[in-house]
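Work through the exercises below with the sequence and the model side by side. Try each task before reading its solution.

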Amino acid sequence: MAEESLSDRILRENDAVFRTMLSHRFVEDVKNDRLSKEAFERYLVYEGAFVDSAISIFAYAAATAKTMQQKRWLIAVLDALANEQIAYFERTFASRGIDPSCFDTGIAEVEAFRAGMLEIARQGGFLDTVAAMFAAEWMYWTWCRQAAKRPISDPLLKEWVDLHVDPNFAAQAQWLKNELDMAGETLEEDEKARLSAIFGRAMQLEIDFHDAPYLQLHLAKADACAPT
């Protein structure tokens, strides 16, 4: 019987929190084409702000990577984040007339996600960042593959879902998985357990983050942005 890979162990040990995220209200609303315009636009602003932070997170990974092959891959990731994903948000905000400054990206659920993921990258090493981003990207790739098969009436939401099943994104999720598996061949038991815990922490941050678009109390900075 083949020995369990580190990534498969991490997924097994965190199955409950992973499944909780996959059945999140946000995911179900997207898959069933019932996500409200207001919730989608709040999500866009919150996620757009996080993608900016993700550039810093992957920059930490590049700085702590051990091999030139890893560094080259991560440089390509940074390029895609800056020139593809950020461009999607810029284009979408312009198309929908969204002013991100009208939304409070400092609310607890959004700020905890940003700060928590940055802390993992800043305080930990290369594999810490890989474990945290494996949580995020494997999760998106998993549920978006299901959502992409469903009818989605909002073309910009459809584009966002399709972005996460694109072969380039799939390759990125698989690369993170492979990096964990290669490292896992020589890691001590306590280090494997620590990386599994990081995955679980990141997934819980994702769950709380995806609650944020539904928090009506934090819809926008009403005084500054209410229509006249």
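**Exercise 1. Secondary structure**

Task: How many helices and how many strands are there in the chain?

Solution: The model is predicted. Count the elements: there are eleven helices and zero strands. Then read from the N terminus on: the order is α-α-α-α-α-α-α-α-α-α-α.

**Exercise 2. Overall dimensions**

Task: Why does the radius of gyration of the chain agree with that of a compact globule?

Solution: Start with the length. For 228 residues, a compact globule would have a radius of gyration near 17 Å, and the chain has 18 Å, so the two agree. Next, take the box along the principal axes: the C-alpha atoms fill roughly 65 × 35 × 30 Å. Turn to burial: buried residues are 50% of the 228. The exposed surface comes to about 11000 Å², with 53% of it supplied by carbon and sulfur atoms. Last, look at contacts between residues at least 6 apart in sequence: 84% of them join residues at least 24 apart.

**Exercise 3. A helix pair**

Task: Describe how helix α5 and helix α9 pack, and list the residues that meet.

Solution: Locate the helices: α5 covers residues 68-96 and α9 covers residues 167-184. Their axes lie 12 Å apart, at an angle of about 145°. The crossing of α5 past α9 is left-handed. Now the residues. From α5 come Q70, W73, L74, V77 and Q85. From α9 come F169, A171, Q172, W175 and E179. Sort the residues of this contact by type: six are nonpolar, three polar and one charged.

**Exercise 4. Q70 in the helix pair**

Task: Is Q70 buried or exposed, and which residues does Q70 contact beyond its neighbours within four places in sequence?

Solution: Place the residue: Q70 sits in helix α5. Its relative accessible area is 10%; the cut-off for buried is under 20%, so Q70 is buried. Then list the contacts beyond four places in sequence: A65, F126, W175 and E179. Two of these partners, W175 and E179, are α9 residues in the helix contact. Finally, check one distance: Q70 and W175 are 105 residues apart in sequence, yet 9.7 Å apart in space, C-alpha to C-alpha.

**Exercise 5. H210 and its surroundings**

Task: Where is H210 found, and which residues does H210 touch, not counting those up to four places away in sequence?

Solution: H210 belongs to helix α10, residues 189-211. Its relative accessibility is 0%, so H210 counts as buried. With residues up to four places away left out, H210 touches M21, H24, F26, Y43, M139 and Y140.

**Exercise 6. Two loop residues**

Task: Place D33 and P100 in their loops, and classify the accessibility of each.

Solution: Take D33. D33 lies in the loop between α3 (25-31) and α4 (37-64). At 34% relative accessibility, D33 is partly exposed. Check the backbone too: phi of D33 is near 55°, a positive value in a residue other than glycine.

Now P100. This residue is in the loop between α5 and α6 (108-123). A relative accessible area of 32% makes P100 partly exposed. Beyond four places in sequence, P100 contacts V45 and F93. For a distance check, use D166: P100 and D166 are 66 residues apart in sequence and 26 Å apart in space, C-alpha to C-alpha.

How values were computed. Residues numbered from 1 in each chain as written. Predicted model: local features only at pLDDT ≥ 70, side-chain atom pairs only at ≥ 80, totals over all residues. Heavy atoms only, no water. Axes fitted to C-alpha atoms, helices over the stretch in contact; angles between N-to-C directions. Helix = DSSP H or I, 4+ residues; strand = E, 2+ residues; numbered from the N terminus. Left-handed = near helix turned anticlockwise from the far one by under 90°. Contact = heavy atoms within 4.5 Å. Nonpolar A, V, L, I, M, F, W, Y, C, P; charged D, E, K, R; others polar. Rg over C-alpha atoms; globule rule 2.2 N^0.38 Å. Buried < 20%, exposed > 50% of the residue type's maximum accessible area, 1.4 Å probe, protein only. Areas by Shrake-Rupley, 256 points an atom, 1.4 Å probe, with all protein chains shown as cover.
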